[in-house]
Amino acid sequence: MMFIPAGDTAGKWMTSGMTDQGAIAPVFVAWSRFALGSILIIAAYAGRQFDYKILSNWRVWLRGIFIMLAIICILTALSTTPIADVFAAFFIGPIISYFLAGWLLKEEISGVRTFLLFIGFCGVLLVVKPGFGLTVGHLWAVSAGLFYGCFLVATKWLSHLSNSRSLLLSNLIVGAVILAPWGIPAAPQMDMDVTILVLLSAACSAIGNLLYVTATKMADASRLAPLVYVQLLSATILGVIVFDTLPDSLSLLGLALLLATGFIGFALKQAARKS
């Protein structure tokens with residue numbers, strides 16, 4: 001959860017025009033992340049077979065398109081918006097997935113969990129500030145969250161198809177293939193700085209997801225869920241250190257609400273288990 005914001009920090013550096021070549025197209029950054037991520041994941045699991053047959057399933061492509069659109073939106077948002085704000089707005093995704101899973105997958109919807117998600121949604125609104133302070137970047141970040149929420153539901157929907165490493169690789173392959181016609185022509189001149197940033201963006205994202213997949217084999221998913229909120233802390237810290245941008249008071253309050261609801265929800269779930 002700390003690697004993923006680090007990858008997006010490198011992405012923001014490129015898309016916001018902080019390189020010698022100016023702003024680099026988000027579609028290229030997204031494509032390079034998928035393409036290089038595919039290579040890194042295959043290398044990391046060297047000697048283990050992948051289930052490439054799942055790529056013949058249209059639902060796998062739909063799931064891959066959801067995460068591809070989420071990445072493009074978040075990189076576009078990062079080009080103009082502070083990284084902490086982007087990650088907070090992006091957290092509308094788990095809220096969307098909760099209700100979609102209840103509707104489409106018939107998962108249980110509890111009153112307490114719904115209330116906590118409502119408080120978390122208020123936190124998102126404090127960051128996004130609809131009507132006063134809302135920017136195009138915030139809208140891109142919310143769009144990223146919406147697509148990510150659909151991706152989470154699709155992941156639950158298709159979890160039975162294959163092992164986690166094959167599903168992870170399928171996301172990367174789908175994104176690399178679909179974005180290639182736009183990403184490759186948008187490639188900048190690859191000097192040393194840009195090359196390092198591209199590699200950092202792809203590697204941190206791939207390593208973060210690889211570690212999460214590994215962690216799901218070692219611990220119950222419900223115990224890992226609150227750690228997703230570490231991304232908010234990491235993104236806020238990186239925003240201050242790398243870009244010297246501290247969220248305003250309303251955004252900080254929104255971040256606090258998101259963190260609080262995430263960890264309170266986890267504590268209640270653990271208490272219910274023990275009882």
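Helix α4, spanning residues 83-90, is mostly covered, with eight of its eight residues buried. Keep in mind as you read that this is a predicted model. Beyond that helix, the briefing looks at two internal cavities, a nonpolar patch on the surface and a loop residue with a positive phi.

**The covered helix**
- The buried residues of α4 are I83, A84, D85, V86, F87, A88, A89 and F90.
- D85 is one of these buried residues, and F87 and F90 are also among them.

**Cavities inside the model**
- Rolling a probe the size of a water molecule over the atoms reveals where empty space remains.
- Searching the whole structure turns up two cavities of 30 Å³ or more.
- The largest cavity has a volume of about 60 Å³, and its lining is made by F91, I95, R113, L116, L117, G120, Y229, L258, T261 and G262.
- Two elements, α6 (111-128) and α12, each give two or more residues to the lining of the largest cavity.
- Helix α6 provides the largest share of that lining, with four residues.
- By character, the lining of the largest cavity divides into six nonpolar residues, three polar and one charged.
- The second largest cavity comes in at about 40 Å³.
- Around the second largest cavity sit F50, D51, Y52, I54, L55, S166, L169, S170 and I173.
- The lining of the second largest cavity splits into six nonpolar, two polar and one charged residue.

**A nonpolar patch on the surface**
- Seven names to pick out on the surface are L233, I237, V240, I241, V242, L246 and L252, which form a nonpolar patch with about 620 Å² of accessible area together.
- Which helix gives the most to this patch? Helix α11 (residues 230-243) does, with five residues.
- An α-helix has 3.6 residues a turn, so residues three or four places apart point the same way.
- L246, another member of the patch, is found in the loop between α11 and α12 (249-274).
- With a relative accessible area of 63%, L246 is exposed.

**The loop between α11 and α12**
- D244 also has its place in the loop between α11 and α12.
- Most residues other than glycine have a negative phi.
- D244 is not a glycine, yet it has a positive phi of about 55°.
- Is D244 buried or exposed? At 67% relative accessibility, D244 counts as exposed, because the cut-off for that class is over 50%.

How values were computed:
Residues are numbered from 1 along each chain as its sequence is written. This is a predicted model: local features need pLDDT of at least 70, side-chain atom pairs count only at pLDDT 80 or more; totals for chains, interfaces and linings use all residues. Side-chain values use heavy atoms; hydrogens and water are left out. Patches are made of residues with over 30% relative accessible area and no salt bridge: like charges are joined within 9 Å, nonpolar side chains (Val, Leu, Ile, Met, Phe, Trp, Tyr) within 5 Å. Accessible areas come from the Shrake-Rupley method with a 1.4 Å probe; for residues, only the protein chains shown count as cover. A salt bridge is a side-chain nitrogen of Lys or Arg within 4 Å of a carboxyl oxygen of Asp or Glu. Buried means under 20% relative accessible area, exposed over 50%, partly exposed in between (1.4 Å probe, protein chains only). On a 1 Å grid over the protein atoms alone, a cavity is a set of points where a 1.4 Å probe fits but cannot get out, and a pocket is an open set with protein on both sides within 12 Å along at least five of seven lines; lining residues have an atom within 4 Å of a point. Grid points are joined across faces, edges and corners, and a volume is the space filled by probe spheres set on the points. Ala, Val, Leu, Ile, Met, Phe, Trp, Tyr, Cys and Pro count as nonpolar, Asp, Glu, Lys and Arg as charged, and the others, Gly among them, as polar.
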